[in-house]
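I sat down with this model to look up what surrounds the ligand, and then to check the aromatic rings. Here are my notes, in the order I took them.

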Amino acid sequence: MDVETRLNDVVSRIRDSESGSNRAAGSAQLVAVSKTFDAEAIRPVIAAGQRVFGENRVQEAQSKWPLLKDKTPEIELHLIGPLQSNKAADAVALFDVIETIDREKIARAVADEIRRQNKPVRVYVQVNTGLEPQKAGIAPDDTEAFVIFCRDEIGLEVEGLMCIPPADENPGPHFALLAKLAARCRLENLSMGMSGDFEIAIQFGATSVRVGSAIFGTR
Ligand SMILES: *Cc1c(COP(=O)(O)O)cnc(C)c1O
C-alpha cells in the first residue's frame, strides 16, 4: 500500500467512526504525525490533500517544514512533543498550534513569545491522565486551575486538552477523563487518539486525532 492509500484509509475510518457516534463528518480532525519522516515522504501526503501535520521535536521540524510550508501556505503545523523554554521562540515562530503546554514556566515562555513575535498560536494543555512519572502533562486534579491560569492570567488562547494514555492500558477511561476535564474547563476541543486507538477516541469525543504510523508506516 502506498502512503496515499493509507491516508485515504485512515480518513475513511475517521468518517465511519464519526457517523457511528452520530457525529458530523469532519468533526474529528486528522493531524498527520510526520515525525522521523523526511520531506520526501511528506510531500505525497500533502499532494493527496492533507493539510494538518504534527511533529514532536522543534529542531527536526525546523529542518523540513519551512520549505514545505512555503510551497503550501495553508498547512497547519502542530507541536505534539515536549517543549523546553529555550525552544519557545523557535516553536512559536514555526508552529500554528502547540499541544503540549504542561507547566507554568513553559506557558509563560510561550505567552511571552506570542506577544513578542505578534504571532497568534493556539495551545492545548497536556494532561497526564495516567499520572505516569515519565510522562509530561499536568495532573488531572490540577488541570482546571492551570487552564484558568493560562487563559485568564497570561492570556494564552487555550483551544482544548490533549492526552497520551498509558501504552499498556485500555484507553477508554483516559479519553473519558479528558472529556470530563474539558467540560469542566468549558473547552470544546480534545486532542486524543493515535494509530492504535483513534476510533475509540472519536467515540469518546475526540475533535482531533494524531495519527502517524498508520499513514507513514512504522518508524
Ligand atoms: C508519535 C505520536 C503520535 C502518533 O503515534 P502513532 O502511533 O504513530 O500514530 C501521536 N501523538 C504523539 C504525542 C506522538 O508523539
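Entry one, the shell by class. Keeping in mind that this is a predicted model, I sorted the residues around the ligand and got 6 nonpolar, 3 polar and 3 charged.

Entry two, the names. On the list around the ligand I found Val33, Lys35, Ile80, Met162, Ile164 and Met194. Ser195, Arg210, Val211, Gly212, Ser213 and Arg219 belong to the surroundings as well.

Entry three, polar contacts. Which side chain has an N or O atom 2.7 Å from an oxygen atom of the ligand? I found that it is Lys35. The side chain of Arg219 also places an N or O atom 2.8 Å from a ligand oxygen. For Ser213 the partner is a polar backbone atom, 2.8 Å from an oxygen of the ligand.

Entry four, cover. I looked up how much of the ligand the protein hides: 89% of the 390 Å² of accessible area that the ligand has on its own. I also checked the pockets, and the ligand takes up the space of the largest one.

Entry five, rings. My search of the whole structure turned up 4 aromatic pairs. I picked out Phe37 and Phe216, whose ring centres are 5.2 Å apart and whose planes meet at 25°, so I wrote this pair down as stacked. Where do the two rings sit in the chain? Phe37 is in the loop between strand 1 (29-33) and helix 2 (39-47), while Phe216 is in helix 9 (residues 213-216). They are 179 residues apart, so I noted that the stacked pair links distant parts of the chain.

Definitions and conventions:
Residues are numbered from 1 along each chain as its sequence is written. This is a predicted model: local features need pLDDT of at least 70, side-chain atom pairs count only at pLDDT 80 or more; totals for chains, interfaces and linings use all residues. Side-chain values use heavy atoms; hydrogens and water are left out. A residue is near a molecule or strand if one of its heavy atoms lies within 4 Å of it. A polar contact is a pair of N or O atoms within 3.5 Å; within protein, one must be able to donate a hydrogen and the other to accept it, and residues adjacent in sequence count only if both atoms are side-chain atoms. Accessible areas come from the Shrake-Rupley method with a 1.4 Å probe; for residues, only the protein chains shown count as cover. On a 1 Å grid over the protein atoms alone, a cavity is a set of points where a 1.4 Å probe fits but cannot get out, and a pocket is an open set with protein on both sides within 12 Å along at least five of seven lines; lining residues have an atom within 4 Å of a point. A molecule sits in a cavity or pocket if more than half of its atoms lie within 2 Å of its grid points. Ala, Val, Leu, Ile, Met, Phe, Trp, Tyr, Cys and Pro count as nonpolar, Asp, Glu, Lys and Arg as charged, and the others, Gly among them, as polar. Rings of Phe, Tyr and Trp (its six-membered ring) pair if their centres lie within 6.5 Å; planes under 30 degrees apart count as stacked, over 60 as edge-to-face and the rest as tilted. Helices (H or I, at least four residues) and strands (E, at least two) are DSSP runs, numbered from the N terminus.
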